[in-house]
Structures are given as C-alpha cells and as structure tokens.
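Colleague: Hello! Could you take me through this one and tell me how each label is earned?

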Amino acid sequence: MAAIQEKPSLLEQDRRQLHPLHHPSQTENPIIVERAEGVWLHTTDGRKILDAMAGLWNVNVGYGRTELAEAAYAQMQNLAYTSNFAGMTNLPASELAYKLSGYAYPSLKTTFFTCGGSESNDTAFKTARYFWKREGQPDKVKIISRRESYHGITLATTSATSVPRYHKMFGPLVPNFVYCHAPHPYRYEGDLQNGETVGEAAARDLEETILREGPETVAAVIAEPVQGVGGVFVPPEDYFPRVRAICDEHDVLLIADEVICGFGRTGEMFALNRYGIEPDILAFAKGITSGYLPLGGIQINDRILDAMNSAPQDEAWLHGFTYSGHAASCAVGLRNLAILEDEKLAERSAEMGERLRSGLSRLSEFGNVGDVRGLGLLCAVEFVKDQETKEPDNELAMSLQNATAARGVRTRALNGSLAFSPPLVISEDEVDQIVDAIGAALDSMSEQ
C-alpha cells in the first residue's frame, strides 16, 4: 500500500509558481491573501492590510464588489467565451465597444480589446507602423518614449520601457525604440535653458529627438500622463499641449499610455483631458475591470480606422489575441464602468487624492523627504540622501516599504520613492491611516 503523502504547505505549493519581477529569495515571508473587502486585504495568517497600491494600480472600485462577481457569473452562465476573430462576436464585447466610443476622448470611437496593458501597448506600436505603411511611408517605424517610462513586459514594450533593470537579462532590445528626457519637475535631467520651464525643456528635447532621428522615420511618441513605475511624477501643465503640437507639426502619432491613469485614477476619467488634448491612439487596461477579470485595449481615431477599412485584403490589419473581446471580461467591464459613474469615483479620486497629498506633505519636516507629488489617487513621496543634491535614497524607500507593511499598510518603493494608488473608494479615515503609518515608520527610523 502506497504511503499517504502529507499535503505541502501553502508556501511549498507556491514555490512551483514563478512570480512577476521577482527573485526567489524574496519569498521567505509572502503575503498570502485569503479575501479582501474595500481597501483591505485579509491574509491567511490573520493580518489585515490596507492596500495602498490597489493591487497593481488597478482595483479602482475596491475589493469585494458583489456586483462584479454577479456580472461575471451571469455572463458565464450564458457564454463565458467565444472567439472574437473575423465573422464572430458576442454581446458584451459589442456593447462595451459601443459604450467606449468617444468615452475617453471624442475623436477615439473604435476599440480593439486585449487582455492587459503590455498587450495594449504592443498593439499600439504595431498599429502605428501599420498606419504609416498604409499611408505610403514605410520608413516611419521608430517609437519614441521618455526616460523613466514603463510600458510593459513583452519584448517590444520592454524595449519602449526606459528602465535599465528590465533590459539587463533580456537583450538585445528590439531596434527602433528611442528615448528622450522625461518632464520630471523635481529632477529634470535634460538641458534647461535660461528662462525655460521644465515642461518647455522636455518638449523641446522631444522635438530635437524627432528631428535628430528624422521625422520621416518616426511613427509615434508614447507617453504616460503620469509616469508611474518611474516614480509617480506629474508633468508641468505646459508640457502635453506642446507635445501634441510637436507631433502634429512633424506628422507623428501620439499614443497615450493610460493603463495606470485611466478610469478615474488621476481625478479625471482619463488624464489627458486635464490638458485639453487628445491622443491618436489610447492604450488602456487595469481600471477597465478594476482587476476583477483581465481586460485591456486600444482606441484609435478615424484617420487610422480609414486606413484599415480601405486596405486591400493583402494589406489587412492582421493582429489579434485568442481572448480579444472575452465575453465575461467585457461584461465585468460594463458593470465596472457603471459603478465608476454612479459613485462618481473620478471626483472622489480628486478629493481623496488632495487629502492624501496634504497629509503626506506634512512629512516634509523629516530631512530625508525630498518631494511629495501626485494627481488624484496616484501619489508618491520621494526620499533623498541630501535635499540639496537630491540624490535618491533607494535603501530608505525600501526600508520604509517594509516598515509600513509591518504597520498594516501596503505601498511600493520605486526609484527612491514610495508610491500610493489606493482604491478610489477609500475613506477619509483610511487615507489618514496611510499617512499615520508612514509617519510612524519615519519616526521609528529617525530614533534609531
């Protein structure tokens, strides 16, 4: 008779799983989440943690929304999935595409669905190249992104991502991805000419990059309205209007990567509305379902759509994924949008974001706090070794991430900063708990 093997522990079971952006040595004390509600995670070892990162910037309507579970269940009972390739569709995908027509920006009326942000940006790059080939300009293939940007983890989106640690073990990168300086108000690293604002300088650097590469070779510029993984910094108000004008002047497409910023995160339903401009292509994901099911996509303007629709068969837009237009995901997306609208969560994001930044600003009394910044419920505190040199203190940020987690608040260390993007349903008291936890962690370290 065979011996009955004892079931391995949860940690032992989890060792068979590869985690994203992770080294195995970091699994000694993992957070194993059993359930969640609102902004709170409940772990298998009895801890209650305020998730000040909303998962991965994405659980906008908060955890435990039965409305979304019911939407998924009802759709799965009828039809969980069918192919969305040519000649077939499903009701939720058609309804969500119709709902999204002009939803983010009036000129973007056509949607293609993906499973997430990396797929969305990869799709945007292919679509930009396709468009210029259809326009008779096949040499327009280069994609310009900004330093400290993050656009995903496929090989192409990794190449667009200007964070060296993501490149080191996966090179060589895909060619024809070019970087310009980011409009970082606190630590702009480009050439700042006399009398020039950071926004003007960064826009000028973008234009110089286009001219240096040759406008006839540049397909698109991709930009996050707020650069998330780079350290959550907000560009000056004069930056994006100038970027839009530069792209128009040199006949370059503008791709807005609103994977993090979209669906209320920045206090606007979509972030570039703040600046009164529209992109040619919008990449979205995360907040479209608040993470309840995988979904993302791009939206395009009529100029790009016309190029697709007028193509001969041998020049068709041959692109797609098995799960494009997934029925259950699209049903959840529709219900999620209704929650965002009914509960006015974009407006709440603006209100609670102001409260969070105000509270975090009080931490400036600590000598190692360099900058407090954000837009809506997308905020960061940057820690420095010296306020004069502004040298980022990555070690302190990581220590504070751990110390804050020990006090029941989950945040994320990024380039010397602590990032915050809690669910948009967060209460005033819960915002204050985040601030109190960071303050207590700083206090304890300053006493050591």
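Modeller: Gladly! Please keep in mind that this is a predicted model. The surface is a good place to start: the protein exposes about 20,200 Å², and carbon and sulfur atoms supply 50% of it. As for the interior, 55% of the 448 residues count as buried.

Colleague: What makes the protein as compact as a globular protein of that length?

Modeller: The protein, with its 13 helices and 15 strands, has a radius of gyration of 22 Å; the globule rule gives 22 Å for 448 residues, and the two values are close, so the description holds. The C-alpha atoms fill a box of roughly 70 × 65 × 50 Å along the principal axes.

Colleague: Let's turn to the strands. Why is strand 4 called largely enclosed by the rest of the structure?

Modeller: Strand 4 covers residues 108-114, and five of its seven residues are buried, so the term fits. Strand 4 also pairs with strand 10 in the antiparallel sense, over six bridges. Within that pairing, Thr 114 has Gly 296 of strand 10 as its bridge partner.

Colleague: How do you know that both faces of strand 9 are covered?

Modeller: Look at the two sides of residues 281-284: Ile 281 and Ala 283 are on one, Leu 282 and Phe 284 on the other, and all are buried. Buried here requires a relative accessible area under 20%. Strand 9 has neighbours too: strand 8 (residues 253-257) runs parallel to it, joined by three bridges, while strand 10 (residues 296-301) pairs with it in the antiparallel sense over four. Ile 281 takes part in both pairings, as the bridge partner of Ile 255 and standing opposite Ile 300 in strand 10.

Colleague: Why are strand 1 and strand 13 called edge strands?

Modeller: They belong to an open sheet of four strands in the order 1-2-3-13, with mixed pairing. Strand 1 (33-37) and strand 13 (409-410) each pair on one side only. Inside that sheet, strand 2 (residues 40-43) and strand 3 (residues 48-51) run antiparallel and are joined by three bridges, with Leu 41 opposite Ile 49.

Colleague: Now some single residues. Why does Lys 133 count as partly exposed?

Modeller: The class lies between the 20% and 50% cut-offs. Lys 133 has a relative accessible area of 48%, so it is partly exposed. This lysine sits in helix 5 (residues 117-134), and it touches Pro 138 and Val 141, leaving aside residues up to four places away in sequence.

Colleague: And what makes Trp 57 buried?

Modeller: Trp 57 has 2% relative accessibility, so it counts as buried, given that the cut-off is under 20%. Trp 57 is in helix 2 (residues 54-57), and its phi is near 70°, a positive value in a residue other than glycine.

Colleague: What makes that phi worth pointing out?

Modeller: Most residues other than glycine have a negative phi. Lys 390 is another case, with a positive phi of about 60°. Lys 390 lies in the loop between strand 12 (379-383) and helix 12 (394-406), and at 29% relative accessibility it is partly exposed.

Colleague: Which peptide bond is cis, and how do you know that?

Modeller: The bond from Gly 171 to Pro 172 is cis, with omega near 5°. Most peptide bonds are trans. Pro 172 itself is in the loop between helix 6 (155-160) and strand 6 (177-180).

Conventions: Residues are numbered from 1 along each chain as its sequence is written. This is a predicted model: local features need pLDDT of at least 70, side-chain atom pairs count only at pLDDT 80 or more; totals for chains, interfaces and linings use all residues. Side-chain values use heavy atoms; hydrogens and water are left out. The radius of gyration is taken over C-alpha atoms; the globule rule is 2.2 Å times the number of residues to the power 0.38. Buried means under 20% relative accessible area, exposed over 50%, partly exposed in between (1.4 Å probe, protein chains only). Accessible areas come from the Shrake-Rupley method with a 1.4 Å probe; for residues, only the protein chains shown count as cover. Two strands pair if DSSP finds at least two bridges between them. Contact means heavy atoms within 4.5 Å.
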